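Here is an informal walk through the fold, meant to be read with the structure open beside it. Pull up the viewer and follow along.

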Amino acid sequence: MTATHHAPAAAESGASATARFKSDKFAAVADTPKERVSLLAREVLSAVHETIRKHKVTYDEYNALKAWLIQVGEDGEWPLFLDVWVEHVVEEVATSHRKGNKGTIEGPYYVPGAPEQGSRGSVPMREGEGGTPLVWTGRVTSVDGSPLKDAKVELWHADADGLYSQFAPGIPEWNLRGTFSVEEDGSFEIHTVRPAPYQIPTDGACGKLIAAAGWHAWRPAHLHVKVSAPGHELLTAQLYFPGDEHNDDDIASAVKPELVLDPKPSDGGETVTYDFVLDPA
Ligand code: DHB
Ligand code: FE
């Protein structure tokens with residue numbers, strides 16, 4: 001897998017992520033009280049001013065920043081930028097009170113309404129879908145240990161080329177995206193394939209920043225989940241695979257030790273167990 005292999009589809013992924021954010025989440029941002037806006041805007045601007053003073057930022061650097069910010073918007077990469085470099089701290093603050101799973105960032109590629117696949121089934125996939133077959137069993141319980149029989153597990157992830165359906169072109173609409181229910185005892189069994197490590201788009205403004213700073217663009221391979229149950233807080237998480245070289249230097253800073261799976265080889269594929277504990281709302 002090389003950067004050139006990913007680049008063309010990645011550019012479209014940025015613009016698709018912007019369109020998806022507008023259609024799903026714009027409405028939620030309308031009503032922030034003006035005192036709160038004023039406080040947060042002032043403090044963010046002060047942090048910028050302090051950085052300029054501390055490092056004696058020049059006019060050339062200021063203009064480079066302006067040009068780059070304009071390009072982030074033109075490339076549709078604000079969701080990518082924010083989810084890679086900012087969201088992990090928002091998630092940390094939002095879930096710090098939890099006694100059950102804390103989770104991690106959502107990222108830009110969630111789509112609500114993935115097809116219902118029952119409590120034991122497969123995510124939709126193509127004939128001969130690449131990647132090691134993975135059978136994942138688990139349970140959803142409340143913090144007191146009681147099973148949550150009405151829980152839902154939404155799963156979405158990249159394919160064996162690191163690409164997401166509905167964001168990269170040429171992939172069936174709901175490929176590797178499914179919604180699972182659970183049994184009376186909270187258990188489920190999901191059949192999927194192992195995703196590849198994911199490289200954030202290298203051909204747009206975020207890629208330019210990464211190249212200009214001499215960073216890398218990789219996230220470790222990961223499965224995204226949203227786990228919900230009536231009367232409980234929504235859990236958004238990602239699950240990772242042991243030994244991935246980017247578990248320790250994820251560009252999105254979203255790996256936590258408790259989110260790393262322990263898969264076992266089994267004929268022709270792997271099996272893994274991972275359970276979820278939800279906090280009452
Ligand atoms: C980004 C992509 C992901 O798949 C993810 O999980 C987090 C962030 C991104 O490109 O911004
Ligand atoms: Fe992802």
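Start with Thr-141, which you'll find in strand 2, residues 133–142. Keep in mind that this is a predicted model. Is Thr-141 buried or exposed? With a relative accessible area of 10%, Thr-141 is buried, because the cut-off for that is under 20%. Setting aside neighbours within four places in sequence, Thr-141 is in contact with two runs of chain: Ser-146, Pro-147 and Leu-148, plus Phe-276, Val-277 and Leu-278.

Next door in the sequence is Val-140, with its own list of contacts. Again leaving out neighbours within four places, Val-140 is in contact with Pro-147, Leu-148, Ala-151, Val-153, Val-182, Gly-186, Phe-188, Val-227, Phe-276 and Leu-278.

That brings us to the core. In soluble globular proteins, nonpolar side chains tend to be buried together. Here the largest nonpolar core has 53 residues, and the members touching the most others are Trp-136, Val-140, Val-153 and Phe-276. Which strand gives the most to this core? That would be strand 9 (residues 235–240), with four residues.

Now for the aromatics. The structure holds 14 aromatic pairs, and two of them are set out below.

| Pair | Centre to centre | Angle between planes | Geometry |
|---|---|---|---|
| Trp-78 and Phe-81 | 5.5 Å | 90 degrees | edge-to-face |
| Trp-136 and Phe-188 | 5.2 Å | 85 degrees | edge-to-face |

Trp-78 and Phe-81 sit three residues apart in helix 4, about one turn of the helix. An α-helix has 3.6 residues a turn, so residues three or four places apart point the same way. Trp-78 is partly exposed at 33% relative accessibility, whereas Phe-81 is buried at 17%. Both rings also belong to a cluster in which ring pairs link Trp-68, Trp-78, Phe-81, Trp-85 and Trp-215.

The Trp-136 and Phe-188 pair links distant parts of the chain: Trp-136 is in strand 2 and Phe-188 is in strand 5 (residues 187–193), 52 residues apart. Trp-136 is buried, with a relative accessible area of 0%, and Phe-188 is buried too, at 1%.

One more ring deserves a look. The charged end of Lys-226 sits over the ring of Tyr-110, 4.8 Å from the ring centre.

Strand 5 also holds His-191. His-191 counts as partly exposed, at 29% relative accessibility. Beyond neighbours within four places, His-191 is in contact with Gly-121, Ser-122, Val-123, Met-125, Leu-134 and Val-135. His-191 and Gly-269 are 78 residues apart in sequence, and their C-alpha atoms are 11 Å apart in space.

Finally, over to the helices. The unreviewed UniProt entry annotates residues 35–101 as "domain: Catechol dioxygenase N-terminal". That span is 81% helix and 0% strand, and its end C-alpha atoms lie 33 Å apart.

Helix 5 (residues 87–95) is worth turning in the viewer. Its buried residues are Glu-87, Glu-91 and Thr-95. Why do they line one face of the helix? Seen down the axis of helix 5, the buried residues fall within an arc of 50 degrees, so they share one face. Helix 4 (78–85) is among the elements that cover the buried residues of helix 5. Turned away from that buried side is a face carrying the exposed residues Val-90 and Val-93.

Note on methods
Residues are numbered from 1 along each chain as its sequence is written. Chains are lettered from A and ligands numbered from 1 in the order in which they are written. This is a predicted model: local features need pLDDT of at least 70, side-chain atom pairs count only at pLDDT 80 or more; totals for chains, interfaces and linings use all residues. Side-chain values use heavy atoms; hydrogens and water are left out. UniProt positions are given in the numbering used here, feature names are shortened, and annotations may be inferred rather than shown by experiment. Helices (H or I, at least four residues) and strands (E, at least two) are DSSP runs, numbered from the N terminus. Buried means under 20% relative accessible area, exposed over 50%, partly exposed in between (1.4 Å probe, protein chains only). Contact means heavy atoms within 4.5 Å. A nonpolar core is a set of buried Ala, Val, Leu, Ile, Met, Phe, Trp, Tyr and Cys residues joined through side-chain atoms within 4.5 Å. The arc is that of the directions from the helix axis to the C-beta atoms. Rings of Phe, Tyr and Trp (its six-membered ring) pair if their centres lie within 6.5 Å; planes under 30 degrees apart count as stacked, over 60 as edge-to-face and the rest as tilted. A charge sits over a ring if NZ of Lys or CZ of Arg is within 6 Å of the ring centre and within 35 degrees of the ring normal.
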